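Got your viewer ready? Here is a walk through a single model, one selection at a time.

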Amino acid sequence: MEEMIYEHVVQYYETDAMGIVHHSNYIRWFEEARTWMLEKVGFGYAKMEETGVVSPVTGVSAEYKRSVKYGQTVSIKLRVTGYTGTRIFIGYEVFADGELKCVGESKHCFLTKEGRPVSLKRDRHDIDQIIQALYDSSISENQSK
């Protein structure tokens, strides 16, 4: 599977008075990138929810390395760093002008629309295969480095 890289052009409203991106926007970019990734592999949130599965965020973190400024294009490299069938962990690396600006992670679980836990491995093989392929791709990419 090809490397997953999402691009975003920094908008003026995402910056503070100094033209530097406000820290909260990185979390929004993680969500944009994650949504893009799932759509790209054919199982975006809308399709997932049509099947009765939701995937709420259970945790998110970001470590800021360098500032990003208005007008820059950020490239967000995504990796599925963990997958259990009931939980998924996604890692993010944000680059601009070839320089690492931020690293982060989001954690998610899988639930029915009624809020009950779902094991994709047991109950939703179609979704499980898609997520497992993303995870396997991330593992093999890391091993080849």
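The stops below go from a turn between strands to charged pairs, then to a surface patch and some aromatic rings. Keep in mind throughout that this is a predicted model.

**Stop 1: the turn at Asp97**

Start by selecting aspartate 97, in the loop that connects β5 (87-96) to β6 (99-109). Check its backbone: phi is near 50 degrees, a positive value in a residue that isn't glycine. Is the residue buried or exposed? Aspartate 97 has 70% relative accessibility, so it counts as exposed, the cut-off being over 50%.

**Stop 2: Lys101 and its surroundings**

Now move along to lysine 101, which sits in strand β6. You might want to switch on a surface here: lysine 101 has a relative accessible area of 6%, and because buried means under 20%, that puts it in the buried class.

What is lysine 101 in contact with, once you leave aside its neighbours within four places in sequence? Show the residues around it and you'll find one run made of Glu63, Tyr64, Lys65, Arg66, Ser67 and Val68, plus another made of Val94, Phe95 and Ala96. For a sense of scale, draw a C-alpha to C-alpha distance from lysine 101 to glycine 19: the two are 15 Å apart in space and 82 residues apart in sequence.

Next, add glutamate 99 to the selection. Its side chain and that of lysine 101 make a polar contact of 2.7 Å. The pair also qualifies as a salt bridge, with 2.7 Å from N to O. Side chains of opposite charge can pair when their charged atoms come close. The two partners differ in cover: lysine 101 is buried at 6%, while glutamate 99 is partly exposed at 31%.

Don't stop at the pair, though. Add Arg66 and you have a network of salt bridges that links Arg66, Glu99 and Lys101.

**Stop 3: charged pairs from 122 to 126**

How many salt bridges does the model have? The count comes to eight, and two of them are worth a look at this stop.

Pick arginine 122 and aspartate 123 first. They form a salt bridge whose closest N and O atoms are 3.0 Å apart. Arginine 122 counts as exposed at 57% relative accessibility, and aspartate 123 is partly exposed at 39%.

Then pick arginine 124 and aspartate 126, another salt bridge, with the closest N and O atoms 2.8 Å apart. Here the arginine is the buried partner: arginine 124 has a relative accessible area of 17%, whereas aspartate 126 is partly exposed at 36%.

**Stop 4: a nonpolar patch on the surface**

Clear the charges and select Ile27, Val57, Val60 and Tyr64. Together they form a nonpolar surface patch with about 310 Å² of accessible area. Which element gives the patch its largest share? That's strand β3 (residues 57-64), which supplies three residues.

Zoom in on valine 60, placed in strand β3. Its relative accessible area is 41%, so it falls in the partly exposed class, between 20% and 50%.

**Stop 5: aromatic rings**

Tyr64 from the patch also takes you to the next selection: add Tyr26 and Trp29, and the three form one aromatic cluster.

The model has five aromatic pairs by count. Take tyrosine 6 and tryptophan 36, a tilted pair with 5.7 Å centre to centre and 50 degrees between the planes. This pair joins distant parts of the chain, 30 residues apart: tyrosine 6 belongs to strand β1 (residues 4-9) and tryptophan 36 to helix α1 (residues 24-40). Tyrosine 6 is buried, with a relative accessible area of 16%, and tryptophan 36 is partly exposed at 26%.

For your last selection, go to tyrosine 12 and tyrosine 70. Their rings make an edge-to-face pair, 5.5 Å centre to centre with 90 degrees between the planes. Again the pair links distant parts of the chain, here 58 residues apart: tyrosine 12 is in the loop between β1 and α1, and tyrosine 70 is in the loop between β3 and β4 (73-83). Colour by accessibility and look at tyrosine 12: it is exposed, with a relative accessible area of 62%.

Note on methods:
Residues are numbered from 1 along each chain as its sequence is written. This is a predicted model: local features need pLDDT of at least 70, side-chain atom pairs count only at pLDDT 80 or more; totals for chains, interfaces and linings use all residues. Side-chain values use heavy atoms; hydrogens and water are left out. Helices (H or I, at least four residues) and strands (E, at least two) are DSSP runs, numbered from the N terminus. Buried means under 20% relative accessible area, exposed over 50%, partly exposed in between (1.4 Å probe, protein chains only). Contact means heavy atoms within 4.5 Å. A polar contact is a pair of N or O atoms within 3.5 Å; within protein, one must be able to donate a hydrogen and the other to accept it, and residues adjacent in sequence count only if both atoms are side-chain atoms. A salt bridge is a side-chain nitrogen of Lys or Arg within 4 Å of a carboxyl oxygen of Asp or Glu. Patches are made of residues with over 30% relative accessible area and no salt bridge: like charges are joined within 9 Å, nonpolar side chains (Val, Leu, Ile, Met, Phe, Trp, Tyr) within 5 Å. Accessible areas come from the Shrake-Rupley method with a 1.4 Å probe; for residues, only the protein chains shown count as cover. Rings of Phe, Tyr and Trp (its six-membered ring) pair if their centres lie within 6.5 Å; planes under 30 degrees apart count as stacked, over 60 as edge-to-face and the rest as tilted.
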